[in-house]
Amino acid sequence: MNKSFKNLLIHSVWFGTVAFLAGCGGSNAPSSGITLQGNVVKGAVSGATIELVDANGTVVKRAETDGGKFILKQIALQSRYYILKSFGGHYKDEATGQEVTVPKEKGLETFLTKEEITQIASSDQPVLLTPETTVYTELVKAKLQQNDPQTAEKEAEKIIYDFLIKDSSPMPGLSGDKFTKSGDLTKAIPSNSTEAFAKNRAIAYSTMVRELGVAPERVFDILSALGDDLKDGKADGVELEGKTVKIPQEYALARMKLFQETTSKLRDGNLTEAQIAELEKMGFNVTAIQNDKTQKEQKLSAQMQRYLASDTLPSLHILPVLSDEDGNPNDAQATYTLGAYEDVNVTIETPDGSWITPMWRYNRLALPPVIKAKRGMLMKLHFQNHLQADSTIHWHGFKIPAVMDGGPDIPVAPGTQKLYTFTMQQPAAPLWFHPHPDMQTGKQVYMGLAGVFLLEDNISRQLEADKALPSGERDVVLLVQDRRFAPKQNGIRTLQYKTMEMDSDGMLGDVVLVNGSVVPKLEVGTAKYRLRLYNVSNARTYDFAFSDNRKFTIVATDGGLLEKPVEVDHIRLGAAERVELVVDFSEDSVPSKVLLVSRPSKGDMMGMMNGMGNMNGGMQGGNMSGGSGNMNGGMGNMNGGDGMSGGGMQGMGGMNGHDTDTNNGVMGSMPGMAGSGEGLVVMRFDITQTVQDDVTLYTQLPQEAEISNRLQAKDAVNFGHEREFVMSMLHGGMGNMGSGNMNGNGGGMNMRFVINGKLFDINRVDEYVSANTVEIWNIRNMSPMAHPFHAHATQYQILDRNGVPASGVDLGWKDTFLVQPGESVRVIAKFEEVNQGDYMYHCHILEHEDAGMMGYFRVGPTGNVGN
């Protein structure tokens with residue numbers, strides 16, 4: 001049910017109801033001499049008229065605001081209920097910096113009982129008129145028509161909490177993030193966490209209006225409509241600029257974005273002392289966040305010095321390429337066998353020696369395999385499951401029928417096999433494959449099951465032949481993944497999966513492997529090299545760059561070559577994202593060395609908790625139990641995590657985890673884990689010989705390349721009413737946080753990551769897409785951490801991020817999109833004839849996926865799910 005804007009002031013029905021109530025159940029004797037001070041905050045509103053209206057609709061007192069403050073004196077309280085209203089005035093909008101004039105007939109309001117007025121007045125606290133209290137007042141007035149006053153207030157407050165606070169909180173679990181009708185929000189520094197959060201929530205409405213693209217003064221219309229919308233306890237949506245908008249969802253996104261912007265400014269030193277104090281009141285360890293960037297940079301600098309000077313780096317392994325089993329490498333088909341095996345002993349080489357780790361591998365190979373194929377080729381892939389659990393092979397980024405996609409709806413049982421057959425009808429691209437069984441994907445990938453699939457086409461082959469792309473030995477696959485290893489016993493270190501409380505929120509290891517080795521080196525000549533860079537970590541986000549800050553060129557993304565190469569000095573990849581980059585060593589001296597690193601990153605909100613329990617605002621009694629004790633001493637300060645909750649951890653040394661068998665020298669007080677925002681040394685390039693560089697990089701693909709003809713939004717069948725996928729974190733229920741939640745005693749932050757409010761059901765199709773159509777999808781993140789959203793079936797193009805048109809690397813084919821907190825990413829895709837059946841969409845933090853942050857969409861009339 002859509003609800004149009006209504007400026008509900010005081011209906012005659014409500015007057016009659018409350019006038020009746022005013023004469024029942026209480027004394028009519030006046031209370032005289034009450035003085036009530038107050039705040040009007042949507043920014044601090046000055047020059048507003050304040051009216052105190054009793055249950056009969058009579059204005060009993062008036063005042064005017066100055067700097068958001070007002071005082072009502074000598075109030076004779078003769079009515080059980082009052083509405084305190086503001087009209088007009090002006091304020092500075094926090095999101096835009098504009099001076100906003102409030103229309104004379106509009107403003108904010110608060111519903112108060114006589115007892116509340118007396119209590120607030122005696123406490124010497126101002127009463128609050130905020131956007132939140134305004135919506136609350138509309139709800140109370142509606143509830144009073146069918147409920148007693150106490151029930152009306154209680155129900156209204158519950159709706160406010162459920163729709164506008166609980167699931168919008170950027171830092172869930174903090175006690176101060178709650179509804180309030182009193183406090184001083186005009187002070188530069190709030191007195192407590194409740195005031196700090198209330199002020200922040202008021203500011204978030206400005207952020208929301210800015211993101212909606214409407215004038216700041218329209219917030220008052222939106223508040224009125226929101227109160228009307230929520231009266232039935234449901235968020236059906238309001239009409240805004242010709243569209244139906246769910247305001248609670250937009251508000252939650254705005255809160256996430258506001259916090260992301262604020263903490264980024266804090267790290268960069270761009271907040272005032274008052275703003276910093278406000279964050280401290282809310283519970284942030286501001287000192288840790290301020291020092292975070294410097295500390296991470298210092299750690300990375302020390303690592304870079306070490307590895308640039310080291311003469312013990314292992315050589316980079318070149319991944320093995322599988323041979324076509326049909327005996328004819330030149331025909332239009334290829335046959336391969338992929339057997340999944342457990343306990344394959346793999347040697348892990350590091351700058352400080354080596355060890356043996358039993359891993360899971362395809363075909364018992366020591367390293368992940370590579371399959372090379374040509375566009376138009378018929379693939380026959382025999383999968384043999386030698387594991388002790390169901391498995392599949394998901395063909396990540398492929399345009400193939402759903403029954404061949406390798407999703408959890410068609411599992412391959414232990415001891416059985418499946419033949420995957422499909423024809424490759426898509427552009428040349430750095431694709432890959434990995435298991436996708438229900439609730440076991442994270443473990444099976446982490447244990448080592450993954451492979452590379454390099455697809456070429458006529459365009460890519462011609463570019464290589466024309467020396468417009470590096471090829472041969474100068475075309476190198478780099479598979480980057482982080483892992484955690486147990487201490488060495490008899491020369492063996494086993495992989496550790498989900499052994500820590502936070503691991504269910506995304507596995508972060510303490511060792512980064514590149515093609516199976518730790519900080520390997522590759523000897524190169526003075527020429528251009530094409531690096532096919534894969535992030536196949538379960539959860540980690542990397543910000544790849546070179547140690548000398550040199551620029552490099554991105555020539556391909558997940559699904560193929562870019563129409564025009566893009567020069568950058570860094571590239572951020574969430575889990576499952578890929579790029580092909582060209583780095584030029586032609587100007588380097590011989591000999592010389594340069595490192596590929598992951599730069600320290602700012603992180604998201606969930607990575608900013610100081611030791612989790614040691615937050616100023618308090619959390620479940622001031623600590624978060626880790627089962628055997630609190631986490632304050634064990635975890636240190638968690639500060640980072642651009643794609644992962646858990647962030648960077650203060651007190652950690654280097655990341656690579658090979659100083660000792662136990663990693664104690666590396667990880668400080670918490671062995672086995674480093675945050676996603678840590679600076680890392682990935683590998684080294686040793687320029688060892690002078691060679692003739694005959695490659696001149698292409699500047700634009702030919703017109704026949706699909707990427708040269710971008711999909712148009714106007715051609716989408718759902719143009720103007722695009723399909724939404726909202727990633728959020730819900731409180732309560734089963735929890736996602738290891739042992740069910742983040743508190744070993746069963747309390748604390750009990751959270752579930754979901755899409756569109758639903759956990760995955762293997763027997764349910766969530767979205768239905770018509771075959772042979774173009775659709776726009778809006779992927780939105782209203783959780784406090786970044787999520788890499790992956791969709792099967794086809795390749796997608798990014799239209800815009802938060803309304804800003806795609807540019808640069810975002811113009812390429814994509815199947816995985818890193819979506820930051822508060823961000824909306826619109827993508828467009830063509831579902832072609834080959835796309836038939838049930839496909840997945842999910843967060844590619846694999847532990848989130850396994851816990852239910854996933855769903856099915858059906859292309860065409862039929863599918864396998866539910867049959």
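Arg 550 is buried, at a relative accessible area of 13%, where buried denotes under 20% relative accessible area, exposed over 50% and partly exposed in between (1.4 Å probe, protein chains only). Its salt-bridge partner is Asp 548, with 2.8 Å between the closest N and O atoms; a salt bridge requires a side-chain nitrogen of Lys or Arg within 4 Å of a carboxyl oxygen of Asp or Glu. Asp 548 itself is partly exposed, with 41% relative accessibility. The model is a predicted one, in which local features need pLDDT of at least 70 and side-chain atom pairs count only at pLDDT 80 or more, while totals for chains, interfaces and linings use all residues. Residues are numbered from 1 along each chain as its sequence is written, and side-chain values use heavy atoms, with hydrogens and water left out.

Across the whole structure, 57 salt bridges are found. One of these joins the side chains of Arg 599 and Asp 543, at 3.5 Å from N to O. Because Arg 599 belongs to the loop between β30 and α12 (632-635) and Asp 543 to strand β25, this pair ties together parts that are 56 residues apart in sequence. Helices (H or I, at least four residues) and strands (E, at least two) are DSSP runs, numbered from the N terminus. Asp 543 is buried at 3% relative accessibility, whereas Arg 599 is partly exposed at 27%. A further salt bridge is formed by the side chains of Glu 775 and Arg 723, at 2.7 Å from N to O. This pair links distant parts of the chain, since Glu 775 lies in strand β35 (residues 773-781) and Arg 723 in strand β32 (residues 723-731), 52 residues apart. Glu 775 is buried, with a relative accessible area of 5%, and Arg 723 is also buried, at 16%. In addition, a network of salt bridges links Glu 464, Asp 475, Arg 530, Arg 532 and Glu 580.

Strand β25 (residues 542-546), which carries Asp 543, runs antiparallel to strand β30 (residues 592-598), to which three bridges join it. Within this pairing, Ala 545 has Val 597 of β30 as its bridge partner. Both strands belong to an open sheet of five strands with mixed pairing, in the order β23-β31-β30-β25-β28; two strands are taken to pair if DSSP finds at least two bridges between them. The edges are occupied by β23 (521-525) and β28 (571-573), each of which has a single partner strand, so one side of each is left without a neighbour in the sheet. On average, neighbouring strands of this sheet are turned by 25 degrees against each other, direction ignored. The underlying axes are lines fitted to C-alpha atoms, for helices over the stretch in contact, and angles run from 0 to 180 degrees between N-to-C directions.

A second antiparallel pairing is that of strand β12 (residues 333-350) with β13, which are joined by nine bridges. The two strands are connected by a hairpin through two residues, and Asn 345 stands opposite Pro 358 in β13. Strand β13 (residues 353-362) is largely enclosed by the rest of the structure, because seven of its 10 residues are buried.

The largest nonpolar core comprises 58 residues, and those with the most contacts inside it are Phe 70, Leu 72, Leu 84, Ile 160 and Met 208. Such a core is a set of buried Ala, Val, Leu, Ile, Met, Phe, Trp, Tyr and Cys residues joined through side-chain atoms within 4.5 Å. Helix α6 (residues 219-229) gives the most to this core, with six residues. Apart from this core lies another, of 53 residues, which includes Phe 398, Leu 431, Phe 453 and Val 597. Beyond its neighbours within four places in sequence, Phe 70 contacts residues including Leu 36, Val 40, Ile 50, Leu 84, Val 127 and Leu 129, a contact being heavy atoms within 4.5 Å.

In helix α8 (residues 273-282), the buried residues are Ile 276, Ala 277, Glu 278, Leu 279 and Met 282. Their cover includes α5 (193-212), α7 (247-267) and α9 (286-309). Gly 283 follows α8 and has a positive phi, near 120 degrees.

Overall, the secondary structure of the protein chain amounts to 14 helices and 43 strands. Of its 867 residues, 62% count as buried.
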